[in-house]
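Q: I'm new to this one, and I'd like a close look at a single part rather than a quick tour of everything. Pick one stretch, walk me through it slowly, and then show me what surrounds it.

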Amino acid sequence: MSDRKIRLSVLDQSPIRRGSNAVEALQESIQLAKLADRLGFTRYWLSEHHNTRALAGAAPEILIARLAAATKYIRLGSGGVMLPNHSTLKVAENFRLLEALYPNRIDLGIGRAPGGDRLTAHVLNPSNSFEPREFVQQIHDLEGYLTDSDALGTVHEKVKAIPHIDTFPGLWMLTSSGESGLLAARQGWALSFAHFIYPVGGPQAVRTYRDRFQPSTFLSHPEANVGIFVFCADTQEKADELQAMMDYRLLSLEKGKFDVYPTWEEVRDYEYTDMEWQRVMANRARMISGTPSNVKMKLTKLADDYQVDEIVIATMADKAEDRFRSYELLAEQFQLETRNTD
């Protein structure tokens, strides 16, 4: 496995830095997508979050359209659309339209989490029951809309998703546990394990997915990747700074402080309590940081552990140039094939 070429992709949460704003964050996403396209990254996924001033990505389907227009080769997708927040028909039509505009470049990644708090999820979709069986029904309905199903006794007899096209967006199930992995296997979807959310049990979940995979209209064989936070820098000192800021941010999230985006100056002298430090060390399993060769070694081991050949990388930094530089160093280390995007 270690001798095989590992593909790299991007997960962008459109973070808003202290003193910045959503307009600047979204412009940064455009620039990062262009960079990733040129550097040879495989796909660029956008997350869905709500009721926070720290992230700008509330509607990945809209941002996908903008980034696809600004790039040439890289796949654009949702990482993901939180399906219980939405009308299934509307999600199908959004991504059919994107696929019609940019054939064979669109991924539809689906998640079950709300992407925010429970109250906000209810406001987004008052009919959301928060029941797993309702999510499974939405998955079946989504497939029906994407395949123009005429199944008797269902809504698909009379309601069709438009526009009618002959291709499908790539369908991905997002998971941080084994449960959605089993659903992905049964439905014949690709699987993305969010190691950056829950770094426990992932390799086993992916193995189980592969063992139980059933081919479908959308996918003939199992396909999986793994997502993780990565901070790569020219020097170990800079990598440690980037990691320290993420340490503080993740701890703040666990304390219910969702809009904290610290600077290096704010975290370098912070003294953690013993209990806080235990959480910091636990959360470091969700990330990889260091200089390029060290990061490559750790990412290669991660790919070996999961038996995948694609890693989806999320990187946050206090400065845009540090974030961009991290992706540049990774592309160089993994010898990604640069593209002419002029």
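A: Let's start with a word we'll need a lot: a residue is buried when its relative accessible area is under 20%, exposed when it is over 50%, and partly exposed in between (1.4 Å probe, protein chains only). Helices (H or I, at least four residues) and strands (E, at least two) are DSSP runs, numbered from the N terminus. What you're looking at is a predicted model, where local features need pLDDT of at least 70 and side-chain atom pairs count only at pLDDT 80 or more, while totals for chains, interfaces and linings use all residues. Residues are numbered from 1 along each chain as its sequence is written, and side-chain values use heavy atoms, with hydrogens and water left out.

A bit of background first. The protein has 12 helices and nine strands, and 52% of its 342 residues are buried. Its C-alpha atoms fill a box of roughly 65 × 45 × 40 Å along the principal axes. A contact means heavy atoms within 4.5 Å. Of the contacts between residues at least 6 apart in sequence, 75% join residues at least 24 apart.

Now for the part I've picked: helix 8, residues 236–254. Its 19 residues should span 27 Å at 1.5 Å a residue, and the end C-alpha atoms are indeed 27 Å apart. (That expected span is 1.5 Å times one less than the number of residues.)

Helix 8 has a long list of buried residues: Ala 239, Glu 241, Leu 242, Gln 243, Ala 244, Met 245, Met 246, Asp 247, Arg 249, Leu 250, Leu 251 and Ser 252. What covers them includes strand 7, helix 9, helix 10 (274–283), strand 8 and helix 12.

Zoom in on Asp 247, which sits in helix 8. With a relative accessibility of 2%, Asp 247 counts as buried. Leaving out residues up to four places away in sequence, Asp 247 touches Tyr 272, Val 280, Arg 284 and Met 287.

Next, follow the chain out of the helix. Gly 256 comes after helix 8 and has a positive phi, near 85°. Further on is Val 260, in the loop between helix 8 and helix 9 (264–267). Val 260 is a loop residue, yet at a relative accessible area of 19% it still counts as buried. It touches Tyr 248, Arg 249 and Ser 252, again not counting residues up to four places away. Two of those, Arg 249 and Ser 252, are on the buried list of helix 8. Val 260 and Arg 18 are 242 residues apart in sequence, but their C-alpha atoms are 8.4 Å apart in space.

Now turn to one of the neighbours that cover helix 8, namely strand 7. Strand 7 runs over residues 224–232 and pairs with strand 9 in the parallel sense, over four bridges; two strands pair if DSSP finds at least two bridges between them. For example, Val 226 has Ile 311 of strand 9 as its bridge partner. Asn 225 is found in strand 7 as well, and it is buried, with a relative accessible area of 0%. Its contacts include Trp 45, Trp 172, Phe 193, Glu 310 and Val 312.

Strand 9 (residues 310–314) has five of its five residues buried. In a regular strand the side chains alternate between the two faces of the sheet. Here, Glu 310, Val 312 and Ala 314 are on one side, Ile 311 and Ile 313 on the other, and all are buried. Strand 9 also runs parallel to strand 1 (residues 7–12), joined by four bridges, with Val 10 and Ile 313 as bridge partners.

One more neighbour is worth a stop: helix 11 (residues 292–306). Its buried residues are Pro 292, Val 295, Leu 299, Thr 300, Leu 302, Ala 303 and Tyr 306. Seen down the helix axis, they fall within an arc of 160°, so they line one face of helix 11; the arc is that of the directions from the axis to the C-beta atoms. On the other side, Ser 293 and Met 297 are exposed. Those buried residues pack against several elements, among them strand 7, strand 8 (287–290), strand 9 and helix 12 (320–333). Strand 7, strand 8 and helix 12 also help cover helix 8, which brings us back to where we started.
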